[in-house]
Amino acid sequence: MTAATRDYYEILGVARDADAATIKSAFRKLAMKLHPDQNPGCKVSEERFKEIGEAYSVLSDPEKRAQYDRFGKTFDGGGGPGFGPGAAGFNDFSDIFNEIFGGGFEDMFARGGGGRGPRNGPERGADLRYDVEITLEQAFKGMEREIVVPRAQACEPCAGTGSEGKAPLETCRTCNGAGQVRASQGMFRIVRTCPACHGRGQAIKTPCKSCGGRGLTQKERTLSVKIPAGVEDGTRIRLSGEGDSGLRNGPPGDLYLFLSVKPHSLFERDGADLYCRAPAPMCKAALGGEMEIPTIEGERTKITIPAGAQTGRRFRIKGKGMTHLRSKERGDLHVELLVETPVNLTAKQRKLLEEFAKDCGEEAHPQTQGFFDTVKKFFDNGDPLVR
Ligand SMILES: [Zn+2]
Ligand SMILES: [Zn+2]
């Protein structure tokens, strides 16, 4: 907004420690003096009028005021991806005037700048959100998918006019075609949007039966959507013009696809890299050898395990990770070994293992030995820190 450079207290002419009642009364006085109805066509008072509105919207809100006092500005919370026309701040702004003086300010601000468009002109359709869940494999390859989106579209029987049988509109009787009605409120006159025709100046004689006069109906539309390879969980894809149709020939809104990628049973993803834990038979880990690893493209690749490999040993397979978005490059696949103890032994296997175990000296299991030694040393020598 415009008045950020001037001090809000100065704008309202109040002291920094002024209480809420003082601020409100200062604002009221200024608002009456500067109201555009009192100063028709005066750009300066129109600007000042907006300025005091902004100052008051901050200073009348204890939280915003505290923020302003500390930082010299306020932070409009979140706001998300900014859907739809008419940013939040501006709505709050006209609410302030409406709260104190009653309705009728919306249009004035809309004309003044930046807010929602005038009610009688074309209105942009709403943006829509569509959630799509895909698998990691689909995220890797990219895909084309059909989605069915319910959205507001121009009503066919009335061709979007809202008038039964496409009959021409009549001049609104409430406002005589002006789109606005004037009313006296308190000390000054207020211009309101005509409640009968919503500012159009024209009214529908008989509302269309299919859409109730809205000109729009809810319809399902099938779209073919291209999801590029390498998308990540949380990726947002904008499909321009695929949101709700606009009112009165206004442009359509946009459709946003929100992608989420299902967790995979084998692979975990970090950016373009993939991680997996691969079980290795105990004997293979002990003797060493080649082992096959599944890849995200549904193929197999090999790693070479050195003799004596332990659980937790990591291997990096270059170029077998995920695709990068908009690039041919691929990340890496990181494999962590998980040595698997044999189960369901036959009598013969059991006997062989028993013999093997008997034959094993300390050298065969140095870690096991070290495990006990650490504790034993502690008791033999005592803990030097305790003594
Ligand atoms: Zn009217
Ligand atoms: Zn209709």
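Let's start at Cys 208, which is buried, with a relative accessible area of 3%; buried means under 20% relative accessible area, exposed over 50% and partly exposed in between, with a 1.4 Å probe and protein chains only. This is a predicted model, in which local features need pLDDT of at least 70, side-chain atom pairs count only at pLDDT 80 or more, and totals for chains, interfaces and linings use all residues. Residues are numbered from 1 along each chain as its sequence is written, chains are lettered from A and ligands numbered from 1 in the order in which they are written, and side-chain values use heavy atoms, leaving out hydrogens and water.

Cys 208 is one of the protein donors of the zinc ion (ligand 2), together with Cys 155, Cys 158 and Cys 211, each through SG and lying 2.3 Å from the ion. Donors here are N, O and S atoms within 2.8 Å of the metal (3.2 Å for Na, K and Ca); water is not among the atoms, so sites may look incomplete. The donor residues follow the spacing C-x2-C-x49-C-x2-C. Distant parts of the chain are thereby linked: Cys 155 sits in the loop between β2 (143–154) and β3 (170–171), and Cys 208, 53 residues apart from it, in the loop between β6 (202–203) and β7 (216–227). Strands (E, at least two residues) and helices (H or I, at least four) are DSSP runs, numbered from the N terminus. Cys 155 is buried too, at 1% relative accessible area.

Now turn to Thr 135, in the loop between β1 (128–134) and α7 (136–141). Thr 135 is partly exposed, with a relative accessible area of 25%. Its C-alpha atom is separated by 8.5 Å from that of Ser 260, 125 residues apart along the chain.

Finally, look at Phe 379 in helix α10 (residues 366–381), which is exposed at 63% relative accessible area.
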